[in-house]
Amino acid sequence: MRHYKSFVALGDSFTEGLNDPGPDGHYRGWADRVAERLAADDPSFRYANLAVRGKLLDQIIAEQVPVAVEMAPDLVSFCAGGNDLLRPGSDPDVMAKKLAGAVRDLRAGGADVLLFTGVDPRDTPLMRRLRGRFAVFYLHLRSIADLYGCRLVDQWSMQGLRDWRAWSPDRLHMNEDGHRLVAARVLDVLGVPFDDWRKDWPAQRADPRARRREDAQWIREHLVPWVSRRLRGVSSGDGLTPKRPDLTPWI
């Protein structure tokens, strides 16, 4: 186990922490939870979170990776590509080549790099038809992790994240419970003692009528606005800045 004195988190809404509300008006999320645990072992521990919701892979590589390289932390988490894969015409092979170049730059500075597969989308109405595209990209991520000696956080195998009780009503972002499970998995990958990331949810009887009502509400309140933003070329992160732009002590 390596003793980490600094951590920089890169990415989009997943790493920003949507929808895990924190005490200061910002979202908390798995990355903050990991930073808090690492800081418990070292009062001088420093942390930056450059992630901004809605960011695409190219934007993260151009805007966040160079900043992280300059900060020269011990640990970098790099999760990107999910927003790209939802767009028509995205090519997971091309995306993987770009991501590999960014990982090479991050590793050149001596940082340990965390990469992430996503959750299996077969239970998500919006994404299940794109399951093959996601799977190809995540296989590339596994290869990149092997090639460059990165640590891999495999969410695809996390059965606890396949339950809707780990997700917020938009069905695209985890809730507090989901982020807690991911933080536990990350810390397990890093070899840091923490809670168990395996989760067995109590059995819950499904009501088909209630499920149809929930689906209709989801389409009206979340899917239609999401599609509308895509058609207008608008991102939920437009005009937003990172919540922790500087590598500063956790406290």
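This is a friendly conversation about a predicted model and how its features get their labels.

Colleague: Let's begin inside. What makes the 37 residues of the largest nonpolar core a core?

Modeller: A nonpolar core is a set of buried residues such as Val, Leu and Phe, joined through side-chain atoms within 4.5 Å. The largest such set here has 37 residues, and those with the most contacts inside it are Val 8, Leu 10, Phe 78, Leu 99, Leu 106 and Leu 115.

Colleague: Which elements each supply at least two residues of this core?

Modeller: They are strands S1 (6-11), S3 (75-79) and S4 (112-117), together with helices H3 (57-63), H4 (65-71), H6 (92-108), H7 (131-148) and H9 (208-232). Helix H6 gives the largest share, seven residues.

Colleague: What does Leu 106 touch, leaving aside neighbours within four places in sequence?

Modeller: Leu 106 is in contact with Leu 10, Val 65, Ala 68, Val 69, Val 76, Phe 78, Ala 111 and Val 113. There is also a second, separate core, with 33 residues, including Leu 38, Leu 75, Met 158 and Val 192.

Colleague: On to the helices. How do you know whether H6 is roughly parallel or oblique to H7?

Modeller: Their axes come within 10 Å and cross at roughly 25°. Angles under 35 degrees count as roughly parallel, so H6 is called roughly parallel to H7. The crossing itself is right-handed.

Colleague: Which residues of H6 and H7 make the contact?

Modeller: On the H6 side they include Pro 92, Met 95, Leu 99 and Val 103, and on the H7 side they include Val 136, Phe 137, Leu 141 and Ile 144. By class, the contact has eleven nonpolar, one polar and four charged residues.

Colleague: And why is H2 called oblique to H8?

Modeller: H2 and H8 pack at an angle of about 50°, with their axes 8 Å apart. Roughly parallel needs an angle under 35 degrees, and roughly perpendicular starts at 65. The angle of H2 and H8 fits neither, which makes H2 oblique to H8. This crossing is right-handed.

Colleague: Which residues of H2 and H8 make the contact?

Modeller: H2 brings Gly 29, Trp 30, Arg 33, Val 34, Arg 37 and Leu 38, while H8 brings Glu 176, His 179, Arg 180, Val 182, Ala 183, Val 186 and Leu 187. Sorted by class, there are seven nonpolar, two polar and four charged residues.

Colleague: Why is H2 described as largely enclosed by the rest of the structure?

Modeller: Ten of its eleven residues are buried, and therefore the description fits. Among the buried residues are Gly 29, Trp 30, Asp 32 and Leu 38. Their cover includes S1, helix H1 (13-16), strand S2 (46-49), S3, S4 and H8.

Colleague: Does Arg 37 belong to H2 as well, and why is Arg 37 called buried?

Modeller: Arg 37 lies in helix H2, residues 29-39. Buried means under 20% relative accessible area. Arg 37 is at 17%, so it counts as buried. Beyond four places in sequence, Arg 37 touches Leu 187, Val 192, Pro 193 and Phe 194.

Colleague: What makes Leu 187 buried?

Modeller: Leu 187, in helix H8 (residues 176-190), has a relative accessibility of 0% and therefore counts as buried. Not counting residues up to four places away in sequence, Leu 187 touches Val 34, Arg 37, Leu 38, Val 192 and Phe 194. Leu 187 and Trp 197 are ten residues apart in sequence, and their C-alpha atoms are 9.2 Å apart.

Colleague: How do you know whether Arg 209 is buried or exposed?

Modeller: Exposed means over 50%. Arg 209, in helix H9, is at 57%, so Arg 209 counts as exposed. Its C-alpha atom and that of Arg 220, eleven residues along the chain, are separated by 17 Å.

Colleague: Let's finish with the backbone. What is notable about phi of Arg 171?

Modeller: Phi of Arg 171 is positive, about 65°, although Arg 171 is not a glycine. Arg 171 is found in the loop between strand S5 (151-154) and H8. With 7% relative accessibility, Arg 171 counts as buried.

Colleague: Where does Ala 72 lie?

Modeller: Ala 72 lies in the loop between H4 and S3, and its phi is also positive, near 55°.

Colleague: Which kind of peptide bond runs from Leu 18 to Asn 19, cis or trans?

Modeller: That bond is cis, with omega near -10°. Asn 19 is found in the loop between H1 and H2.

Conventions:
Residues are numbered from 1 along each chain as its sequence is written. This is a predicted model: local features need pLDDT of at least 70, side-chain atom pairs count only at pLDDT 80 or more; totals for chains, interfaces and linings use all residues. Side-chain values use heavy atoms; hydrogens and water are left out. Buried means under 20% relative accessible area, exposed over 50%, partly exposed in between (1.4 Å probe, protein chains only). Helices (H or I, at least four residues) and strands (E, at least two) are DSSP runs, numbered from the N terminus. Contact means heavy atoms within 4.5 Å. Axes are lines fitted to C-alpha atoms, for helices over the stretch in contact, and angles run from 0 to 180 degrees between N-to-C directions. Angles under 35 degrees count as roughly parallel, over 145 as roughly antiparallel, 65 to 115 as roughly perpendicular and the rest as oblique. A crossing is left-handed if the near helix is turned anticlockwise from the far one by less than a right angle, and right-handed if clockwise. Ala, Val, Leu, Ile, Met, Phe, Trp, Tyr, Cys and Pro count as nonpolar, Asp, Glu, Lys and Arg as charged, and the others, Gly among them, as polar.
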